[in-house]
Amino acid sequence: MSESYCWGIFREQTHSPGRESDDAEILRLTAKHLEARGFLVSLKSAEELGGLAEPRPRCVFLMCEGATVLRRLAEWEQSGVCHVNTPAAVLNTYRDRMIQQFEEAGVPFIQSRVVATDAAPGGLRDLWVKRADVHNTQDGDVVFGATEDAVRTALEALAARGIERAVLQPHVDGDLIKFYGVGPGGGPAGEPPWFRWFYHRGQQVAGHDFDPRRLARLVRRAAAALGLEVYGGDVIATAAGDLVLLDLNAWPSFALYRDEAAPVIAAHLALRFRGAR
């Protein structure tokens, strides 16, 4: 097996609602740039991994998020296969684990409460109800409950689907900012080596003042706490000038910056993979 042979693994379609094409395209484009650097790349679906008879690759770059396939990849990692992001880092983006990791690392994060979906306390209202593991995969995974009945209904719907825990978070007014980052290190101002942010579409942007460098430093700290190298997420910029971190995800679609991000990701992968030989 060639030292430069690697696999790229697509995100499960069930984890890419409405973003299937964007998610697949960033992986394909990254693979092309990695091949231009001399690597042999084979792209696989997460569903394929269980039945493949071919030898394991030397390196893996992955967008998959399912617990079963991540456990399988973790076994490969223990046998010497290099991964970006690591399976453990991807699992750390599960909301219940992410909350714990941020608390231990002292990373400021939106107030969050983990509850059982079948035994939540009463009196809850004006809250976002989110499944406690993976991010939004279908309708009902993330629901705003303006009333006590709406919160209870959202929790009951999750319980009916076999989802045992949920995360409750308050609504925060402000400008919703999305961001992308690549690389675990810090630049001269403490920002990620490559970092871009933009206002989420579909909102009326108030233009609340904030320091982009402070945003970049917050994101780098959060990514480091989870062990992520390729990542994205969401922040609210409030009228008071606060930055409230809402979410951090492993390897997003980079849709608005795909052409710029793909060669940067490939360069990062090349350094990691060659260093792992």
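Here is a walk through this structure, from the whole protein down to one sheet and the helices packed on it. Keep in mind that this is a predicted model.

Let's start with the big picture. The protein's secondary structure adds up to seven helices and 12 strands. Along the principal axes, its C-alpha atoms fill a box of roughly 60 × 45 × 35 Å. What radius of gyration would a compact globule with 277 residues have? The answer is near 19 Å, and the protein has 19 Å, which agrees. Of those 277 residues, 49% count as buried. Now think about which parts of the chain touch each other: among contacts with a separation of 6 or more, 69% are between residues 24 or more positions apart.

Next, zoom in on a sheet. Four strands make up this open sheet, and their order is S5-S8-S6-S7, with antiparallel pairing. Which strands sit at the edges? They are S5 and S7, each of which pairs on one side only. Going from one strand to the next, the twist averages 30 degrees. For a closer look, take S6 and S7, which pair in the antiparallel sense over four bridges. If you'd like a spot to find in the model, look for tryptophan 128, which stands opposite phenylalanine 144 in S7.

Helices pack on this sheet too. One of them is H4, residues 95–105, which touches S5, S6, S7 and S8. The direction of H4 makes about 55 degrees with that of S8. Helix H5 also packs on the sheet and touches S5, S6, S7 and S8, but here the comparison is with S6: the two directions make about 0 degrees.

H5 deserves a visit of its own. This helix runs over residues 148–160, so to speak a stretch of 13 residues, and spans 18 Å from its first C-alpha to its last, close to the 18 Å expected at 1.5 Å a residue. Which residues of H5 are buried? They are Val151, Ala154, Leu155 and Leu158. Seen down the axis of H5, these buried residues fall within an arc of 95 degrees, so they line one face of the helix. And what covers them? The cover includes strands S5 (113–116), S6 (127–131), S7 (142–145) and S8 (165–170), and those are the four strands of the open sheet we just met. Finally, have a look at what comes after the helix: H5 is followed by glycine 162, whose phi is positive, near 85 degrees.

Notes: Residues numbered from 1 in each chain as written. Predicted model: local features only at pLDDT ≥ 70, side-chain atom pairs only at ≥ 80, totals over all residues. Heavy atoms only, no water. Expected span 1.5 Å × (residues − 1). Buried < 20%, exposed > 50% of the residue type's maximum accessible area, 1.4 Å probe, protein only. Arc of directions from axis to C-beta. Contact = heavy atoms within 4.5 Å. Pairing = 2+ DSSP bridges. Axes fitted to C-alpha atoms, helices over the stretch in contact; angles between N-to-C directions. Rg over C-alpha atoms; globule rule 2.2 N^0.38 Å.
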